[in-house]
Amino acid sequence: MTEALEGGGADGGPAWWQRGVIYQVYPRSFQDTDGDGVGDLAGIVQRLDHLHWLGVDAVWISPFYPSPMDDFGYDVTNHRAVDRVYGSMVDFDRIVEQAHARGIRVIVDYIPNHTSHRHPWFSEARASRHNRRRDWYVWRDPAPGGGPPNNWLSAFGGSAWELDPPTGQYYLHTFLREQPDLNWRNPAVEQEMLDVLRFWLDRGADGVRVDAIQVVLKDEHFRDNPPNPDYGEGVDDPYDALLREHSADRPEVHALIERMRHVVESYGERVLIGEIYNEVERMMAYYGRDGRGVHFPYNFQLIKLPWDARTLDAAVRRYEELLPPGAWPNWVLGNHDRHRIASRVGAAQARVAAMLLFTLRGTPTLYYGDEIGMHDVPVPPDRVQDPWEKNLPGRGLGRDPERTPMQWTAEPGAGFTSGEPWLPLADDFRAVNVAAQRVDPGSMLTLHRALLDLRRREPALAVGQWAPVDAAGDVLAYLRSHGGARFLVALNLGGDPASLAFDGAGEVVLSTIPETEGGQVEGTIDLRGDEGVIIRIA
Ligand code: NOJ
């Protein structure tokens, strides 16, 4: 059984980011209001009613800052403005005002590790070795025999170093060569970037999701990374050829995160979330000394692990065991960087996955479109947008398939745009869309709404304790409880019927197969293939 809740809220109870559900909007693909085929901030305002109706508590908006879009906004040229394609600061202010009016919090993306190569700081930095901004980025001389200063790799393919011929030095780019890394060992960079954090919090953001937080500080001696002994065993991403011992997850980063936390906390009940792809054991360090790190590091295990009941059961238990005292858990099923859950596990299991996401202990993050079961959309080579796919084509690394336009209606443009969408629409959008699913009691959307509604009504599911239940085969089961209320969640991760011995009685309050709802269970729980149930224990 997990520890009782350690409230992060101002009143000692759970904070909004502990009780609530976060919904991620990828702004290019959510709602276009000006017909250019690209979503915009006014579109988010327009769709806040959908989020409110669905029952989410916060919206995290991926970057909308001015950018040449080499990495679709994760390459920023001005951290304190809105790109024209997305609208203006007036639109951002309207999002905050209108979201808050509906009780929805707003989380923005904060990208500390790098800027665009077109950022004025980088233009200055590369102007000469003596420029006052030179040291705002990470520059090194070529290796003694020539070539890059060390063996570090870019996440998007090739060396992490790019030669700047006029000044004869290399600059570091953990991501694209168009995304030079900032030098956070320079106090002026830290001061400026912490001010950026203040800027958005002053503007009404309720929190930030920190991009690539574990790479912000690197080894000060720039030592080579060692080879990855497991590379080649089905691992097809060249970035994994080396262990990132010296280029990521450095111990020094935690003191820096404490300073970010200090800024965020000075604004009251706001949230600092870190994006960290790492082993669970390593991820825990990001809660920080005495809980002075991020409020939670994003937990991507449901994205990364094979969809297998025994694997997930072991992972959930281990995660719960490893959480430091008072640390708040969280779960993520999809995002703009990973293939959609419906494509990974199939449409029927995606319903079970949703039940898992919203009943595990901790804050769930829901990726736009997953609430209607959107799947990855194949993108023909001549329409590829993602630089990762362009750099390393045909390996399944590209992220366009999970970034296609939201499917609102059956109209041309799917209610997303009156123009030509920047990425192709799914071929099934006429059947799979919000309008159709709102009126279908058996739809994925109806299931999501019911799950969020139940979670909101039952503190046991939102903030209650969690305890594992022994199960076998394809069944994953656990208990949630709070006060006198107890729920058993039993999920069949396989397509064949399965059963679970249950020492008690109760009522099925929600099922992924609606016909079985309201049924009484006693002794054994019989699950159909692909069925998940939430049982209120009598
Ligand atoms: C993680 C973001 O989620 C991803 O989309 C981006 O490409 C990299 N960080 C670089 O900012």
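Is Tyr287 buried or exposed? Tyr287 counts as buried, at 4% relative accessibility. Keep in mind that this is a predicted model. Tyr287 sits in the loop between helix H8, residues 280–283, and strand S9, residues 296–297. Take Ala460 as a second marker: it comes 173 residues away along the chain from Tyr287, and the two C-alpha atoms are 24 Å apart.

Now the ligand. Which residues surround the ligand? The list is Asp71, Tyr74, His114, Phe156, Phe175, Arg209, Asp211, Glu275, His336, Asp337, Arg399 and Arg403. Three side chains there deserve a distance. For Asp71, a side-chain N or O atom is 2.5 Å from a ligand oxygen. For Asp211, the corresponding distance to a ligand oxygen is 2.7 Å. For His114, it is 3.0 Å. How much of the ligand does the protein bury? Alone, the ligand exposes 290 Å², and the protein buries 97% of that.

His336 is one of the residues around the ligand, and it leads us to Gln24. The side chains of His336 and Gln24 share a polar contact of 2.9 Å. Gln24 belongs to strand S1, residues 22–25. Its relative accessibility is 0%, so Gln24 counts as buried. Leaving out residues up to four places away in sequence, Gln24 touches Trp60, Ser62, Gly334, Asn335, His336, Thr365, Leu366, Tyr367 and Tyr368.

Next, Asp57. Find this one in the loop between H3 and S2. Asp57 has a relative accessible area of 17%; the cut-off for buried is under 20%, so Asp57 is buried. What does its side chain reach? One partner is the backbone nitrogen of Val21, at 2.8 Å from the Asp57 side chain. Another is Arg456: the two side chains make a polar contact of 3.2 Å. Setting aside residues up to four places away in sequence, Asp57 touches Gly20, Val21, Gly103, Ile104, Arg105 and Arg456.

Gly103 takes us to helix H4, because Gly103 follows H4. The phi of Gly103 is positive, near 75°. What about H4 itself? H4 runs over residues 89–101, 13 residues in total. At 1.5 Å a residue it should span 18 Å, and its end C-alpha atoms are 18 Å apart, which agrees. Its buried residues are Met89, Asp91, Phe92, Ile95, Val96 and Ala99. They cover an arc of only 160° around the axis, so they sit on the same side of H4. Val90, Glu97 and Ala101 are exposed, on the other side. What do the buried residues of H4 pack against? The partners are helix H2 (41–46), helix H3 (48–54), strand S2 (58–61), strand S3 (105–110) and helix H6 (187–202).

Last stop, helix H10. H10 covers residues 309–322, which makes 14 residues. From first C-alpha to last it reaches 20 Å, close to the 20 Å expected at 1.5 Å a residue. Buried here are Ala309, Leu312, Asp313, Ala315, Val316, Tyr319 and Glu320. Down the axis of H10, these buried residues fall within an arc of 165°, so they line one face of the helix. They pack against H8, helix H9 (301–304), strand S10 (330–332), helix H12 (347–359), strand S12 (465–469) and strand S13 (475–482). H8 also brings us back to the start: the loop holding Tyr287 lies between H8 and S9.

Conventions
Residues are numbered from 1 along each chain as its sequence is written. This is a predicted model: local features need pLDDT of at least 70, side-chain atom pairs count only at pLDDT 80 or more; totals for chains, interfaces and linings use all residues. Side-chain values use heavy atoms; hydrogens and water are left out. Helices (H or I, at least four residues) and strands (E, at least two) are DSSP runs, numbered from the N terminus. The expected span of a helix is 1.5 Å times one less than its number of residues. Buried means under 20% relative accessible area, exposed over 50%, partly exposed in between (1.4 Å probe, protein chains only). The arc is that of the directions from the helix axis to the C-beta atoms. Contact means heavy atoms within 4.5 Å. A polar contact is a pair of N or O atoms within 3.5 Å; within protein, one must be able to donate a hydrogen and the other to accept it, and residues adjacent in sequence count only if both atoms are side-chain atoms. A residue is near a molecule or strand if one of its heavy atoms lies within 4 Å of it. Accessible areas come from the Shrake-Rupley method with a 1.4 Å probe; for residues, only the protein chains shown count as cover.
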